[in-house]
Amino acid sequence: MEERIENKKQYDVTALTSLEKLEPVRIRPGMYIGSTGTRGLHHCIWEIMDNAIDEISNGYGDTATVMLNKDNSVTITDNGRGIPTGIHPTKKKSGVEMVFTELHTGSKFDNSVYKTSGGLHGVGASVVNALCEWLEVEVYQNGNVYYQRFEYIFDKELQRKMPGTAVDKLKIIGSTKKTGSKITFKPDKQVFSTLDFKFEVIDGRLQELAFQNKGITLKIIDNRKEVPEIKEYHSERGLLDFIDYLNESKTPLHKEAALFEGEKEIKGIKMYGEICFQFTDSSTENIASYVNNIPTTEAGTHETGFKTGMTRAFKEGGKRLNLIKDKDFDGDDLREGMTAIVRIKITNPMFEGQTKTKLGNNEAYTMMNELSYNKFLEWIEDNKKIATLIINNALSAAARRDKIKKINDAEKKKIGKGTAPLAGKIAVCTLKNNNFSEFIVVEGDSAGGSAKQARDRKFQTIMPSRGKIMNTEKQKIENVLGSEELKIFNTAVGTGVLDNYNEKDLRYNKIIILSDADVDGYHIRTLWMTYIYRYMRPLIANGHLYIAMPPLYKAYKNIKSKEKVIYCYAEEELKKAKKELGKNTLVQRYKGLGEMNPDQLWETTLNPETRTLQKITIEDAAKAEKMVSLLMGDVVGPRKKYLYKYAEF
């Protein structure tokens with residue numbers, strides 16, 4: 001019989017821990033900004049920018065700037081009214097100190113100051129402060145320049161280091177005629193895994209914000225370079241300019257995009273909605289949705305309402321045009337080739353989580369459903385020729401969908417009979433736990449053979465790819481689903497594709513693409529990512545897709561009859577390796593995976609303890625959609641322009 005071991009530690013009120021002020025943010029940053037990687041790092045900028053854009057979109061000011069500094073700090077300025085500087089009657093603190101040191105402090109909980117707001121929870125500024133080494137605020141207000149600094153420093157009263165602590169009281173340091181706020185913050189390297197702000201990520205977000213708020217000016221200045229890089233965005237046509245941007249590499253079916261707008265109040269909640277759309281000859285739909293300027297990558301009630309209303313309108317319009325008789329179509333069929341921007345401003349948005357990626361208001365569904373239905377009916381009446389083309393395309397898409405369903409059903413029967421196209425093509429792992437298993441697509445039969453020998457058979461499945469798969473961006477759906485190579489991949493992964501995708505059927509936690517570190521290898525990666533983005537996008541959205549990073553060089557030297565080896569993944573690493581190994585260093589340039597023996601491939605690329613994987617994410621769905629269409633689509637002009645611009649990169 002086992003002896004019971006008593007826990008002698010006293011458990012009473014003295015064992016309870018109380019976190020003070022901003023400590024909860026420091027302890028659990030992921031709860032507030034999503035992650036402590038690059039996504040969370042950039043989320044700090046979005047939190048501060050949300051406040052600036054709230055000022056602008058509510059009629060105060062017209063310009064905001066993001067400046068990236070050489071010391072890894074960021075400065076965000078706007079010409080709004082400035083953060084309140086007065087002393088709160090009960091807190092006995094300035095408005096600035098309250099905003100940056102207390103959670104749930106803001107003027108957005110009722111609608112007396114802001115009609116609509118992206119910064120809903122009132123935790124944005126204080127959360128950023130909590131996760132920084134230091135943060136400085138300047139407020140231009142009442143003819144004065146106010147200043148306050150916050151740091152992660154020792155608190156004498158609590159006898160421990162406290163995040164976001166005010167170094168001094170708010171003070172006046174000068175005079176000015178301008179108004180607005182200037183916030184500079186330096187994220188703490190003890191919190192974030194990287195402090196490398198990506199210019200292109202911030203640049204893309206500012207461009208979207210400029211499209212959504214016509215008439216305003218947004219700037220980004222990168223002072224980390226010898227010659228600062230500056231970009232400025234301003235749009236007079238708003239969403240119409242946004243549609244032109246998204247469809248640059250597509251062929252529209254109607255020259256002018258359409259813009260619908262309307263407003264409604266339900267149970268005291270005021271809403272203003274916009275729908276901008278244009279149909280193209282593409283085979284896929286692209287919907288970018290926003291709530292109070294914030295991208296809702298997981299959609300929500302506003303987007304669902306838009307889709308429902310649109311489908312109702314086109315079905316009724318089709319009957320009026322005598323196009324729908326025996327045959328019918330679904331909303332997915334109707335939206336093939338459509339690019340749409342669905343945007344709503346709402347006084348009391350209910351998001352899922354602080355990162356605000358999905359809207360939950362039923363009022364938004366009702367409003368957007370009615371707006372979409374009524375406006376599309378009017379548009380169909382005024383544009384009968386193009387509406388007829390769209391409805392006929394939807395009927396054709398419905399017929400293709402039936403054909404695809406038959407293909408999928410046939411494949412499922414093959415799986416049931418054990419005749420699916422897997423035997424001899426892939427080496428399956430023995431572990432059946434999909435929380436740990438990995439599916440690795442390897443370029444070429446030769447490298448595939450090495451990978452099969454190198455892998456850990458318990459959890460790594462290997463699929464050798466016979467070179468380049470088809471460019472699925474340019475192919476009809478039935479051709480894509482008829483590809484033997486892709487059938488093998490689909491059957492092995494198990495989720496199904498498009499509307500049949502089911503995350504519960506996923507057999508592997510990681511899907512890894514392993515190709516040579518050369519131009520052909522990069523092309524193969526791109527083809528696979530294009531296919532997965534179009535047909536299995538949740539694999540990316542849910543964090544399952546990775547790129548394996550094989551080394552470019554092997555630097556080695558014989559030292560006392562032993563070979564010392566350093567694998568290098570970039571030119572800079574090779575320089576460091578040569579310096580470390582000293583004179584007579586030998587260098588092998590790997591031209592392909594096939595040049596590695598199984599031991600080397602395991603050590604450098606497959607072993608979870610030593611390998612490097614690049615996780616593929618969709619930070620900006622609208623920009624990702626544009627890039628896939630631009631780089632992999634049929635229209636040559638915009639792609640040529642892009643490649644000339646970034647050829648050196």
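## Rings, cores and charges

F260, F277, F279, F306, F314, F376 and W379 form one aromatic cluster. Rings of Phe, Tyr and Trp (its six-membered ring) pair here if their centres lie within 6.5 Å, with planes under 30 degrees apart called stacked, over 60 edge-to-face and the rest tilted. Before going on, note that this is a predicted model: local features need pLDDT of at least 70, side-chain atom pairs count only at pLDDT 80 or more, and totals for chains, interfaces and linings use all residues. Residues are numbered from 1 along each chain as its sequence is written, and side-chain values use heavy atoms, with hydrogens and water left out.

Back to the rings. A search of the whole structure turns up 19 aromatic pairs. Take F277 and W379: their ring centres are 5.1 Å apart and the planes sit at 75°, so this pair is edge-to-face. F277 belongs to strand 11 (residues 269-279) and W379 to helix 10 (residues 362-382), so the pair ties together parts 102 residues apart in sequence. Helices (H or I, at least four residues) and strands (E, at least two) are DSSP runs, numbered from the N terminus. Are F277 and W379 buried or exposed? Both are buried, and buried means under 20% relative accessible area, with exposed over 50% and partly exposed in between (1.4 Å probe, protein chains only).

Now for the cores. A nonpolar core is a set of buried Ala, Val, Leu, Ile, Met, Phe, Trp, Tyr and Cys residues joined through side-chain atoms within 4.5 Å. The largest one has 49 residues, and I45, M49, F100 and F185 have the most contacts inside it. Helix 3 (residues 38-57) gives the most to this core, nine residues. A second, separate core has 40 residues, including I324, Y373, I390 and A398.

M49 touches A64, V66, I76, L206, L209 and L218, leaving aside residues up to four places away in sequence; contact here means heavy atoms within 4.5 Å.

Helix 3 deserves its own look. Its 20 residues reach 27 Å from first C-alpha to last, close to the 28 Å expected at 1.5 Å a residue (the expected span being 1.5 Å times one less than the number of residues). Of those 20 residues, 16 are buried, so to speak of helix 3 as mostly covered is fair by the cut-off of under 20%. After helix 3 comes G59, with a positive phi near 95°.

On to charges. A salt bridge is a side-chain nitrogen of Lys or Arg within 4 Å of a carboxyl oxygen of Asp or Glu, and by this rule there are 28. Here are three:

| Pair | Closest N to O |
|---|---|
| D244 and R237 | 3.2 Å |
| K468 and D520 | 3.2 Å |
| K575 and E572 | 3.6 Å |

K468 lies in the loop between strand 16 (460-465) and helix 13 (477-481), while D520 is in helix 15 (residues 519-535), so this pair links distant parts of the chain, 52 residues apart. K575 and E572, by contrast, both sit in helix 17 (residues 571-581), three residues apart, about one turn of the helix. K575 counts as exposed at 55% relative accessibility, and D244 as partly exposed at 41%. D196, K198, D222 and R224 are linked in a network of salt bridges.

Finally, the charged end of R205 sits over the ring of W46, 4.7 Å from its centre. The rule asks for NZ of Lys or CZ of Arg within 6 Å of the ring centre and within 35 degrees of the ring normal.
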